Amino acid sequence: GAAAAPFVLHRVAQSKSIVGEWIHADRRLVVAELDGDASPTTRRDLVLQAAGEPDMVLHRKGLLEWEAWNKETEKVVYIVEHGDGTDDITVKLDGSHSAQEFRRAGSSTVQDMAATAV
């Protein structure tokens, strides 16, 4: 019979830059590491925190994409996109086509936006 095509798995490395505080207009999000085993070989669990909403666990879906899960309802609430090393994340409701771009707090673009708003 025909030879089976090779199956290749690629491990997606942990993001080094998604953790932090993110700003969009008057909205603020925080991506933080959950407390746990501090071993460098252990995968870090990340949580998305937003005012007025329960903390949501982030599950990486691909190189640039995470799903933010509500632990109580066990449903995806947001899709989060972030390129490692960049100062922005894009957040949209699961199933929505419109998204909001958040900038890293303290980045030059956020400071420029604050200076021009005065």
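What follows is a set of questions and answers about a predicted model of one protein. Residues are numbered from 1 along each chain as its sequence is written. Because the model is predicted, local features need pLDDT of at least 70 and side-chain atom pairs count only at pLDDT 80 or more, while totals for chains, interfaces and linings use all residues, and side-chain values use heavy atoms, with hydrogens and water left out.

Biologist: What is the mean pLDDT of the protein?

Modeller: The term pLDDT stands for the predictor's confidence in each residue, on a scale from 0 to 100. In this protein, 70% of the residues reach 70 or more, and the mean pLDDT is 82.

Biologist: Over which residues does pLDDT stay under 50?

Modeller: Where pLDDT is low, the predicted coordinates should not be read in detail. One stretch of this model has zero contacts (heavy atoms within 4.5 Å) beyond four places in sequence. That stretch, where pLDDT stays under 50, is residues 113–118.

Biologist: In what order do the elements of the protein run from the N terminus on?

Modeller: Helices (H or I, at least four residues) and strands (E, at least two) are taken as DSSP runs and numbered from the N terminus. The protein has one helix and eight strands, and from the N terminus on they run β-β-β-β-β-β-β-β-α.

Biologist: By how many degrees, on average, are neighbouring strands of the sheet turned against each other?

Modeller: Strands of a sheet pair through backbone hydrogen bonds, either parallel or antiparallel. Here two strands are said to pair if DSSP finds at least two bridges between them, and eight strands, in the order E1-E2-E3-E4-E5-E6-E7-E8, close into a barrel with antiparallel pairing. With direction ignored, neighbouring strands of this sheet are turned against each other on average by 30°; the axes behind this angle are lines fitted to C-alpha atoms, for helices over the stretch in contact, and angles run from 0 to 180 degrees between N-to-C directions. The value asked for is therefore 30°.

Biologist: How many bridges join E3 to strand E4?

Modeller: On one side, E3 pairs in the antiparallel sense with strand E2 (residues 27–33) over five bridges, and there the partner of Val30 is Gln49. On the other side, E3 and E4 (residues 56–60) run antiparallel, with Val57 as the bridge partner of Val47. The number of bridges joining E3 to E4 is three.

Biologist: Which residue in the turn of the hairpin formed by E3 and E4 has a positive phi?

Modeller: The two strands of this hairpin have five residues between them. The residue in the turn whose phi is positive, at about 80°, is Gly52.

Biologist: Why is E3 largely enclosed by the rest of the structure?

Modeller: A residue is buried under 20% relative accessible area, exposed over 50% and partly exposed in between (1.4 Å probe, protein chains only). Strand E3 covers residues 46–50. It is largely enclosed because the number of its residues that are buried is four of the five.

Biologist: Which strand gives the largest share of the largest nonpolar core?

Modeller: A nonpolar core is a set of buried Ala, Val, Leu, Ile, Met, Phe, Trp, Tyr and Cys residues joined through side-chain atoms within 4.5 Å. The largest one has 16 residues, and Leu29, Leu48, Leu58, Val80 and Ile89 have the most contacts inside it. At least two residues of this core come from each of E2, E3, E4, E5 (65–70), E6 (75–81) and E7 (88–93). The largest share, three residues, comes from E3.

Biologist: What is the relative accessible area of Ala25?

Modeller: Ala25 sits in the loop between strand E1 (20–24) and E2, and its phi is positive, about 50°, although it is not a glycine. The residue counts as exposed, with a relative accessible area of 62%.

Biologist: Is Glu74 buried or exposed?

Modeller: Glu74 lies in the loop between E5 and E6 and has a positive phi of about 55° although it is not a glycine. Because its relative accessible area is 61%, Glu74 counts as exposed.

Biologist: With the side chain of which residue does the side chain of Ser17 make a polar contact?

Modeller: Ser17 lies in the segment before E1 and, at 12% relative accessibility, counts as buried. A polar contact is a pair of N or O atoms within 3.5 Å; within protein, one must be able to donate a hydrogen and the other to accept it, and residues adjacent in sequence count only if both atoms are side-chain atoms. At 2.7 Å, the partner of the Ser17 side chain is the side chain of His82.
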